[in-house]
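Dear colleague,

I am passing on a structure for you to look through at your own pace. Please open it first, and then read the notes underneath with the model beside you.

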Amino acid sequence: MPSSDYSEIKIVNDGLDTKDIIRDIINSKNQEDAFHILNVGEVVSRQKFWKENMPRVTPYFAVKCNPNPTVIKILAKMNGHFDCASKKEISDVMKYDVPGERIIFANPMKAPSQIKFAREVGVDKLTADCEHEIYKIKDLFPEAKIIIRFRCDSKITCNSLGVKYGCDAKKEAIELIRLTKSLGLTLYGFSFHTGSPCGDLTAYNEGIKIAKNLIDQAKAFGCHEVCLIDIGGGFPGESDYDLNQISNVINESIKNIDPSIKIISEPGRYYVTAAFVAVAHLFGKKTVIRDNEEVKMYYINDGTFGSFIEELLMMKARHPISLNGAKSDKKFLSTLWGPTCDALDCLIKNEILPDFEVGDWLFWNDMGAYTSSCASKFNGFHPPTVYPFIQKKDLITLKEEISKNKKV
C-alpha cells in the first residue's frame, strides 16, 4: 500500500501502551483539546475475524456508526462493503474507489434526490418498507434491486429501530411482494434489524427464519430474482466481548440456508467500538454543597454534545480512567461536566469518583461507536480530532490481507 495514501496513520512499535500513545500526542502536539486515538489494527483484525469465522455472511460496514475516513479507507482496501444511509455517506465511500455493487443504500425512507443520486452512481441495492417507497423507486430508479425490510426486534436493546422502520412480516411484507411483482420491479431480498446494540443474539435466528419464509413466498409469486437475506447490524464490539458468540449464533442460524441465497449484514459497532479511545483535558474543578453533602464538580473539554451522546440519552454512564493515576485512594461524590454552558452537558452525576486535579487527562476505552459521528459544534466546541496509529505487526497483517484481495 502506498505510504502516501496513509500518511495520517502513525506506525508504532508492537505492544506500545495506550497511555504512552496518548502521552506522545499530548506532548508532541502541545495538546489541550479533546481528541480520539484510533487503533487501525483493531479494525483490520475485526474484518479478518469476520471473513475467517463467518465466510458465508458478507459484512457491509454501517458508515453512520463512525464515518472516519481512515476506517473507510482501510476497509475499502480490504475489499470491504458498505451500508450507507445518505448521498453524503455514499460519496464518502466512493472516494476510495468502492464500486456501487459493494454498497447498499439501506435507508428505508429516502428523499427523491437521494434515489436519483444512487441511480447516477450505480448503487442499485435499495431498502424499502412501505408502498410509497416502492412507488417512489418505480418512478425514479425502476431497475433498482429492492430489499424489503421487515420488523424483528431483539427483546434486549437500547435502541429499538423497529419503532421507526420495518413492515409487518406476516401481512405487509406479502403485500409489498405482490406490489413489486405487479409493477415489474426486481425484488432482490429481505432485511431486518434487531436493534442497536442487540443484547439477545437469538433474535438473528428468528429474523433469518422469517426472511427464508418470505423468500419462499416471493418465489411462489413469481419473483425468481429474489436471492438475498440482510441480517442487519447491532453486533456488540466492546474490547472484552467474545466475538465467537456472534459467529457461533449466526453460523448455526444459516447452516441450512440454500447456498444460492446470499447473506449480508450491516455491522457498525462491531468494527469500531474497541478501536477508539476518547481523551479529554480536565480544566476546571470546584466543590459545592448539595443537600448538606459535599460534591466535587469537574469540567472537561468533551461532553454530551461531543463524544458522549449516549450519556445525554441516559443509555450509558461511563467512568473515566486517569492518565497519570489518582493522587490518592480517596474517592468522593462527584459530577463530571462537559465544556458547554448547557446543564444537559453532564457525563456523570452524583457518583463516586477519584479526586482528580485541574490539568489531569482522562480517557475512556471502547469509544468508537456513535461518538464522534454524533458530535456537534454546539457552543463553539468542535468534535475531537482523531489520531490514527497502527502497530508494526498489524501493518504486516493489513498488507497481507490487501494482497489476498488483489489475487481474488
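Below is what was found, taken in three parts: a helix, a cavity and two loop residues.

Please keep in mind throughout that this is a predicted model.

The helix is H7, which covers residues 172-182, and its buried residues are Ala173, Ile174, Leu176, Ile177, Leu179 and Thr180. When you look at how these are spaced, it helps to recall that an α-helix has 3.6 residues a turn, so residues three or four places apart point the same way. The buried residues of H7 are covered by parts of the chain that include helix H6 (131-140), strand S7 (145-149), strand S8 (186-191) and helix H8 (202-220). After H7 comes Gly184, which has a positive phi near 75 degrees.

As for empty space inside the model, one cavity of 30 Å³ or more was counted, and the volume of the largest cavity is about 30 Å³. Its lining includes Arg269, Glu310, Lys316, Arg318 and Asp366, and by class the lining has five charged, three polar and two nonpolar residues.

Lastly, most residues other than glycine have a negative phi, which is the background for two loop residues. Asp97, in the loop between helix H4 (87-94) and strand S5 (103-105), has a positive phi near 60 degrees, and with 70% relative accessibility it counts as exposed. Asn379, in the loop between strand S16 (361-364) and strand S17 (385-391), has a positive phi of about 65 degrees, and at 40% relative accessibility it counts as partly exposed.

With best wishes

Key. Residues numbered from 1 in each chain as written. Predicted model: local features only at pLDDT ≥ 70, side-chain atom pairs only at ≥ 80, totals over all residues. Heavy atoms only, no water. Buried < 20%, exposed > 50% of the residue type's maximum accessible area, 1.4 Å probe, protein only. Helix = DSSP H or I, 4+ residues; strand = E, 2+ residues; numbered from the N terminus. Contact = heavy atoms within 4.5 Å. 1 Å grid on protein atoms, 1.4 Å probe; cavity = no way out; pocket = protein on both sides within 12 Å on 5 of 7 lines; lining within 4 Å. Points joined across faces, edges and corners; volume = space filled by probe spheres on them. Nonpolar A, V, L, I, M, F, W, Y, C, P; charged D, E, K, R; others polar.
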